[in-house]
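The following exchange examines how terms for secondary structure, sheets and cores are justified from coordinates.

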Amino acid sequence: MRADRLVSLVLLLRQRGRLTAGTLARELEVSTRTVLRDIEALSAAGVPVYAERGRHGGFALLPGFRTELTGLNQDEALALSTASSGRGEQAFGLGTALTSALRKVVDALPEPHQATASDAARRFLVEPDTDLLSRPSATEEVPATAMTEVRRAVLAGHRLRIRYAATDQTPRWRTVDPVGLVTVRDRGYLLALRAGADRTYRLSRVLAAEELPEPAQRPDAVDLDRLWRERCARFLSGDHIAVLVRVRAERREDLLNSVVALRGAESDTEGWVRLEVTFQDLRHAEWALWQLATDAEALAPASLRGALRDRAATLAGRYAQS
């Protein structure tokens, strides 16, 4: 909305001083012409913004002008700064809104604390794109227009049409009653009802969406945490395979990156841990444990142990012949 953009423009000038129209346009994600119109609107409203011409010119506020926002302390602002320092800032398509909100938060602090809050994004890094082994983290892209429609329908309590690409199926349109949004390990999910039955949709598979005018048929109150746990339990009770495995402690996370779920964990001998995990099927489990070579051992089921033994024997025989 234009009012939000005008506030963001004022806060940018407050925090950074003189800025060119081009810089403001990039920060606000609008055209230069729109910035110039906004500057005129602010001047007409009595905001003391003025233009400096020349090679190093731009727009600035008269010294001493500031906006007021009370009720925030330094740690609260720091928490918001930290939240915006990782990929979580893009959750549910709200990255731009978070950036705008953060400008307002920083501007609300007393001047001695503003530098500390502004510096947090450079000093704290939450969930970077790669780990210490340079392995890229999985990221999922959701079309911005589709995410906006989904988010609006969830909050407004309206029905939603989504064009969904289920695994190994042709994408098709479905009409659902949205219940809530959940994000887990950088994966977003839409919890919904379809013809009264529970449904869970991966947001990355939503190719398009349309908020409908009719109200959603859903409970007035919802406990998303409880609902998510119930759906996880139903998912794990499906056609999956439970595996008991011992793995070297330093390779624990490598294994967990491949599993569907972790059901239990306990210490084994020194330097090893014993885990009860779930895989999609026997083939998935065999592949995941083969990647860890001698750093992991499948203890159960016997079918998995046999599959790994046969694979190792085949490989040993092939190299023995050469």
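Q: What makes Gly 271 notable in the hairpin of E9 and E10?
A: In this predicted model, Gly 271 takes a positive phi near 85°. The hairpin that contains it has 4 residues between strands E9 and E10.

Q: How do you know that E9 and E10 pair?
A: Two strands count as paired if at least two bridges are found between them. E9 and E10 are joined by 6 bridges and run antiparallel, so the criterion of at least two is met. One residue pair in this ladder is Ser 267 with its bridge partner Val 273 in E10.

Q: Which evidence shows that E8 pairs with E10, and which that E8 pairs with E11?
A: E8 and E10 run antiparallel and are joined by 8 bridges; Leu 244 has Glu 276 in E10 as its bridge partner. E8 (residues 241-248) and E11 share 4 bridges, also in the antiparallel sense, and there Val 245 has Ala 298 as its partner. Both counts satisfy the requirement of at least two bridges, so both are pairings.

Q: Why are E9 and E11 called edge strands of their sheet?
A: The open sheet has 4 strands in the order E9-E10-E8-E11, with antiparallel pairing. E9 (261-267) and E11 (296-300) each have a single partner strand, so one side of each is left without a neighbour in the sheet. Neighbouring strands here are turned by 25° against each other on average, direction ignored. Helix H10 (residues 282-291) packs on this sheet, touching E8, E10 and E11, and its direction makes about 5° with that of E8.

Q: What makes E10 a mostly covered strand?
A: A residue is buried when its relative accessible area is under 20%. By that criterion 6 of the 8 residues of E10 are buried. Val 277, for its part, is in contact with residues including Ile 241, Val 243, Val 245, Leu 256 and Leu 262, its neighbours within four places in sequence being left aside.

Q: Which residues have the most contacts inside the largest nonpolar core, and which elements contribute to it?
A: The core has 19 residues, and those with the most contacts inside it are Val 243, Val 245, Leu 255, Leu 275, Val 277, Phe 279 and Leu 289. Two or more residues come from each of E8, H9 (252-256), E10, H10, E11 and H11 (302-321).

Q: What is the strand order of the sheet of 5 strands, and why are E6 and E7 its edges?
A: This open sheet follows the order E6-E5-E4-E3-E7, with antiparallel pairing. E6 (197-202) and E7 (206-215) each have a single partner strand, so one side of each lacks a neighbour in the sheet. The average turn between neighbouring strands is 45°, direction ignored. Within the sheet, 5 bridges join E3 (residues 158-164) to E4 (residues 172-184), and Arg 161 stands opposite Thr 175 in E4. Helix H7 (residues 144-156) lies across E3, E4, E5 and E7, at about 30° to E7.

Q: How do you know that the buried residues of H3 line one face of the helix?
A: The buried residues are Thr 34, Val 35, Asp 38, Ile 39 and Leu 42. Seen down the axis of H3, they fall within an arc of 145°, so they line one face. The face turned away from them carries the exposed residues Arg 33, Glu 40 and Ala 44.

Q: How does the span of H3 compare with the span expected?
A: H3 (residues 32-44) has 13 residues and reaches 19 Å from its first C-alpha to its last, close to the expected 18 Å. Gly 46, with a positive phi near 95°, follows the helix.

Terms used:
Residues numbered from 1 in each chain as written. Predicted model: local features only at pLDDT ≥ 70, side-chain atom pairs only at ≥ 80, totals over all residues. Heavy atoms only, no water. Expected span 1.5 Å × (residues − 1). Buried < 20%, exposed > 50% of the residue type's maximum accessible area, 1.4 Å probe, protein only. Arc of directions from axis to C-beta. Axes fitted to C-alpha atoms, helices over the stretch in contact; angles between N-to-C directions. Contact = heavy atoms within 4.5 Å. Core = buried A, V, L, I, M, F, W, Y, C linked by side-chain atoms within 4.5 Å.
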